[in-house]
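Here is a short tour of a structure, taken one region at a time. Please have the viewer open as you read.

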Amino acid sequence: MAGKTLYDKIWDAHVVHTDPETGEALLYIDLHLIHEVTTPQAFAGLKAERRKVRRPELTLAVADHNTPTENQSAGLEGVTDDAARNQLTALSRNVAEHGIEFFPMGDINNGIVHVVGPEQGRTQPGMTIVCGDSHTSTHGAFGALAHGIGTSEVEHVLATQTLRARKSKNMAIEVTGELREGVTAKDLALHLISVIGTAGGTGHVMEYRGPAIEKLSIEGRMTLCNLSIEGGARAGIIAPDEKTFDYIKGRPSAPKGAAWEMAVRHWETLKSDPDAGWDHVVDIRAEDVEPTVTWGTSPEQAMPLSGTVPDPAEMRDPAKKAAAERALHYMDLKPGAPIAGTPVQRVFIGSCTNSRIEDLREVATIVENSKVSEGVRAMIVPGSGLVRAQAEAEGLDKVFTEAGFEWREPGCSMCLGMNPDTLAPGERCASTSNRNFEGRQGRGGRTHLMSPALAARAAINGVIG
Amino acid sequence: MKAFTTLTSTAAPLTHQGRLMANVDTDMIIPKQFLKTTEREGLSQGLFYELKTRADGSPDPDFVLNQPAYQNAGILIAGENFGCGSSREHAPWALLDQGITCVIAPSFADIFHNNCYKNGILPIQLPFEICEALGNQAGGSNHKFTVDLERQIITTPDGEEIAFDVDEGRKASLLEGLDDIGMTLTAEDTISQYERRRQSAMPWLETEAG
C-alpha cells in the first residue's frame, strides 16, 4: 500500500465521521478565521435558528476587506461608506455577542486576516484552517490544511466546528534546483500558474516540494501558497521544518513549555511519505523561472519580464485564444510588444500575497535614495498593524515617504477595491496583489501582477521593468 | 435551502465573440461593490454588472440577460472553469436572486461549485461540445429546456435527452433541500467524542488559544 501524503495525514487526523454511502466526511476545524464581508449572513443564519458558536475560542476575527487605509484612529465613525460601516459594525456586534476574539480596525494586532493568523501564532502545522476567503491557502505555508469556504460553510463551522467535505486529489509540485538571484516566490508562483493554467489544480491540494521550496523563507512560502487558488487548487501546502518552528516560537498563541515540545514532536512527523501516491506531478526547474509579470486578465496570462506580449493568432487552444483577445483589448496591449517599458500610472505594494515585513524590506532596498517617477501614484500598505510598527521601527517608512510613496494603514486596500483605494478607468497598475481580473481593482483598471521588487522598480522608473 | 427537483426554463448562453466564455470569475459574476451587504437577497442588481452595464450606467442591450428572450432564463450556459477566483457566496446568491438555479459548463472552480450546492443551485458539468450544442439551441423564450435531477436528464427544446453525472450525496440534499447544519448537529455526540480524542492527542491546540 502506498504511503500517505501530508494532506492525507492531516485529513485523516481530522475526520470526525465519513458517510459510508456518499463518501462525504465531517472534518474538524482547528482554526476558523473570519472577517466582515463573508460573515454577516452566517451570523444572521445562526440567529434565525437560535444556534450558538460551538467553539468561539477556535475562532479569530479581523476587519480588513473594506476598512479604509488612512485615518483608522477615527474608528467606525470615520468610515464614510455607509455600507462598509454597516458591515464593520455588524462584525463588532456579532463577535461581542458570541465571545469571539476580535482585532478591530485601528488595533495594532489588526490587519489582513492571512497576515494576522501566522503573526499571532494562531496558524500552526497540522491544523485545519478555514476562512470565508479564497486566499486562506496562504496558511498552507506552515504545513496546515487551509482553504477558503463560502458563507453557508462559515455558518456551518461556527455552529458545529466542522465542515462537510470531500477529499481532494494529491498534486505534487516538485521544484528542483535553485531560484536565480533576484527571482522571488512571487515569480515562481506566477510562472507555475502560467504553466498549469488557472484551472490546473482544480480538485487538488498542491504540495510544493523540493530544494527550491526548502530554501524559501516563511514569507516566501506564504506568497507561494497564497497563489495556489489562482492555479485552481483550494489549498497549497509545504511540509513544516525548522524554519517553520522558529517562525512560530514565542508568538502570542504559540504553544509554550512542555506543550511546545510535544507540538514540535508532532510537527516533525508532518511530511509526505517517500512512497506516497500522487494523482498528478508537475516538475518545475527553478532555473527556468525569470522575473515574471502578468499581461492579461487572468493570473495564468503571465510572462517573463524579458518577453514580448503573446499573439493570440499563434494560440491553438480556442479558449485561450478567445481569452487572450479579450484580455489584450481590456489591457490595451499590442501583441509582440515588449512588456518591459509599458508605462504605469499606479503602483500598489500590499495584499495578503505581499505585505509582510520581508516584502517591505526588499522594497526599501530598491527605492532608497530614489524618487517615485513623476505622474505615478504609488502606495505601500502594510499587512498588519504589527508589520507597520516593525517597518517604522526599522525606519522603512521614512525611506518610503522620502521616495514619494504613500505609507498607508493596514488592510486589503487596492487588492480588491472594496474600500476607497481603487483604480480609475484606464489606469495601469503595477501590483503585488493576486488577481488581475477585469475590474478587480476598479472598473476599467488594468492590473499587472508582479513581485514587490518589480513593483518598486516600476514606481521609480514609471514603466514596467 | 429550497429543493431542486426539476426545472423547465429557457437558457441563456454566456458568450464572447460567439464562443462560450471561459474563466468567468466571481468578480465578473458579482463585482466587489455589491459585497457590502448583510443580506442574501437583492443581489441580482449586481449580477454580471460590468458585462450588463455600459460605462455610463445604462444597460448594454447586447448582453444576453438584457435581451427580452433570455431575461427570465433559469439556466445559464458558460465555458470552462466557471466561477474561478474569490470564495464569495454572493455569486450564487446573485444567480439565485436572478432566478437562475442551474448552470451548465464544461468545468467549474471548486469553491463556487461547492457554494452552488449550498444554495439549491445545480451545477452540471458536460463536455464543451455538448455545452456549445445546448447553447445553440437556447434560442430564447420559446426554447425551453427541462432539467430533471432525479433522472439526471436534460431534455432540450428539440426533444433530445442528455444525461449528466452528479454526486449521489449532493443529489440527495438538493432533491430534499436539506439543512446541512441541522443534519450535522444530529451527530453532535460524534463531534464531542472527536474533541475528547483531539484533546488527548493534541493538547496544545486546546490550551494556548488567545
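How many salt bridges are counted between chain B and chain A?

## Salt bridges and polar contacts

The count between chain B and chain A is 11 salt bridges, each being a side-chain nitrogen of Lys or Arg within 4 Å of a carboxyl oxygen of Asp or Glu. One of the salt bridges links the side chains of A:Arg166 and B:Asp167, at 2.8 Å from N to O.

This is a predicted model, in which local features need pLDDT of at least 70 and side-chain atom pairs count only at pLDDT 80 or more, while totals for chains, interfaces and linings use all residues. Residues are numbered from 1 along each chain as its sequence is written, chains are lettered from A and ligands numbered from 1 in the order in which they are written, and side-chain values use heavy atoms, leaving out hydrogens and water.

## The contact between the chains

Chain A brings 77 residues to the contact and chain B brings 65, where contact means heavy atoms within 4.5 Å. About 5900 Å² is buried between them, and carbon and sulfur atoms give 54% of that area; buried area is the accessible area (1.4 Å probe) that two parts lose on being put together, summed over both.

## A sheet in chain A

Now turn to chain A, where four strands (DSSP E runs of at least two residues, numbered from the N terminus) form an open sheet in the order E11-E10-E9-E12, with parallel pairing. Strands pair if DSSP finds at least two bridges between them. At the edges are E11 (235-237) and E12 (280-285) of chain A, each pairing on one side only.

Three bridges join E10 (residues 204-209) of chain A to E11(A), and A:Met206 stands opposite A:Gly236 in E11(A).
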